[in-house]
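Let's take a walk through a protein together, one part at a time. Have a look at the picture before reading on.

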Amino acid sequence: MSTFGQIFRVTTFGESHCKAVGCIVDGCPPGMELSESDIQSQLDRRRPGQSALTTPRSETDTVTIQSGTEFGYTLGTPISMMVPNKDHKPNDYSETDFYPRPSHADWTYLKKYGVKASSGGGRASARETIGRVAAGSIAEKYLKQVHNVEIVSFVSSVGKAKLECLGSITDDTKSKEFFDLIQNVTRQDVDVTPTRCPDKKTAELITQEIMRRKEENNSIGGTITCVIRNCPIGLGEPCFDKLEAKLAHAMLSIPATKGFEIGSGFLGTQLSGREHNDAFVSDGKGGLRTVKNHSGGIQGGISNGENIYFTVAFKPAATISVTQETATYDGKTGTLETRG
């Protein structure tokens, strides 16, 4: 399905090399001030071709709000947003008429639907995420206004280059560094470097890793870490709609994702119960908070008021300009070299 959400529902549309991509947002409350500039600022952060580290595809990604607002305010009706594709080059993918790209969706889409997009990755392309960013900009503005929610994500590793404090739950010193980072990091910190890593030393190592792979006409995977601050207590429902399950659903639906962990994640299995348990203390306001936050802000599938933090893993991009021995759609061994 191309729709996510229940109260605030998002439907994305468009393929990698069609005329346009975008989304329809249903469920946004009326009366909220909203203009293209609120959305464009985030699309500009996502836009390809910003540096030598990213895809060379050149797009302005200019958004147009087509419905759901009047005189700069939301109407409470569906909000339609569209971004035209300008730098679409279908011929860059002519080889995929004969060869399914290794680790891409060409083969599975063909077998499931009986057809496949003639260029790019169709709905499996990262171009689809434009609609998510546009819709997310609206959701974030509402959450900030109503609950002062802050959401910051950053690149935490690429290949073997990673933040030293990442995955440091078993090391008290580095663990403190990590929690200090997610408590204080801002988008301004993240955007200082093209890698979107807030640590300058790690950012340089990541740059070197990316450029080395690029010189080989190859690609490399990595992870992003996200923190949500000031989330209200009580979000999430047992049993199948736990908050971390919803977050994992959203994150793992992004193209190229291969892993999701929240709070202590897999490293939490290395601790004993006594070491891992989040003891409670008074928050000084008649409520409670936890000392360690190994739970990642969610307990029993319900937000507890602490920072929610998680990490998402992305595999290397499948479309690479390296000769690969593979097979054609009819099973004949051959050589594929893509240009996209």
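To talk about what lines a pocket, we need three classes of residue: Ala, Val, Leu, Ile, Met, Phe, Trp, Tyr, Cys and Pro count as nonpolar, Asp, Glu, Lys and Arg as charged, and the others, Gly among them, as polar. With those classes, the lining of the second largest pocket comes out as five nonpolar, seven polar and six charged residues. Keep in mind that what you see is a predicted model.

**The pocket**

What is the volume of the second largest pocket? It comes to about 420 Å³. This pocket is lined by 18 residues, and Gln 183, Arg 289, Gly 305, Glu 306 and Asn 307 are the closest to its centre. Helix H4 and strand E13 (288-290) each give at least two residues to the lining.

**Two domains**

Now for the overall layout. The protein splits into domain 1 (1-147) and domain 2 (149-335). Taken over C-alpha atoms, the centres of domain 1 and domain 2 are 22 Å apart. Where they meet, 33 residues from domain 1 and 32 residues from domain 2 take part in the contact.

**The nonpolar cores**

Which residues have the most contacts inside the largest nonpolar core? They are Phe 154, Leu 163, Phe 178, Leu 181, Val 185 and Ile 206, in a core of 20 residues. Strand E8 (150-158), helix H4 (172-184) and helix H6 (200-215) each put at least two residues into this core. E8 gives the largest share, with four residues. Another core lies apart from this one; it has 18 residues, including Val 63, Val 83, Ala 134 and Ala 135.

Let's zoom in on Val 185. Setting aside residues up to four places away in sequence, Val 185 touches Val 152, Phe 154, Val 190, Pro 198, Val 227 and Arg 229.

**Helix H1**

Next up is helix H1, which covers residues 36-46. Here Ile 39, Gln 40, Gln 42 and Leu 43 are buried. What covers these buried residues of H1? The cover includes strand E4 (64-67), strand E7 (79-84), helix H3 (129-147) and helix H5 (187-190). There's a handy rule for reading a helix: an α-helix has 3.6 residues a turn, so residues three or four places apart point the same way.

Asp 44 sits in H1 too. Is Asp 44 buried or partly exposed? Its relative accessible area is 33%, and buried would mean under 20% while exposed would mean over 50%, so Asp 44 is partly exposed. From the C-alpha atom of Asp 44 to that of Thr 12, 32 residues apart along the chain, the separation is 18 Å.

**Residues in loops**

Several loop residues can be lined up side by side, each with its place and its relative accessibility.

| Residue | Loop between | Relative accessibility |
|---|---|---|
| Glu 15 | strand E2 (9-13) and strand E3 (20-26) | 33% |
| Asn 217 | H6 and E10 | 42% |
| Gly 234 | strand E10 (222-229) and helix H7 (243-252) | 40% |
| Ala 256 | H7 and strand E11 (257-262) | 30% |

Glu 15 is a good one for thinking about folding a chain back on itself on paper. The C-alpha atoms of Glu 15 and Arg 127 are 7.1 Å apart, with their positions 112 residues apart along the chain. Not counting residues up to four places away in sequence, Glu 15 touches Ala 20, Val 21, Asn 85, Gly 122 and Arg 123.

Now try Gly 234. Its C-alpha atom and that of Ile 130 are separated by 30 Å, and these two residues are 104 residues apart along the chain. Leaving aside neighbours within four places in sequence, Gly 234 is in contact with Ile 302 and Ser 303.

**Backbone details**

A few backbone angles are worth a look as well. Asn 217 has a phi near 60°, a positive value in a residue other than glycine. Ala 256 is not a glycine either, yet its phi is positive, at about 80°.

Which peptide bond is cis, with omega near 0°? Look at the bond from Pro 238 to Cys 239. Cys 239 is placed in the loop between E10 and H7.

Conventions:
Residues are numbered from 1 along each chain as its sequence is written. This is a predicted model: local features need pLDDT of at least 70, side-chain atom pairs count only at pLDDT 80 or more; totals for chains, interfaces and linings use all residues. Side-chain values use heavy atoms; hydrogens and water are left out. A nonpolar core is a set of buried Ala, Val, Leu, Ile, Met, Phe, Trp, Tyr and Cys residues joined through side-chain atoms within 4.5 Å. Buried means under 20% relative accessible area, exposed over 50%, partly exposed in between (1.4 Å probe, protein chains only). Contact means heavy atoms within 4.5 Å. On a 1 Å grid over the protein atoms alone, a cavity is a set of points where a 1.4 Å probe fits but cannot get out, and a pocket is an open set with protein on both sides within 12 Å along at least five of seven lines; lining residues have an atom within 4 Å of a point. Grid points are joined across faces, edges and corners, and a volume is the space filled by probe spheres set on the points. Domain bounds come from an automatic or database domain assignment.
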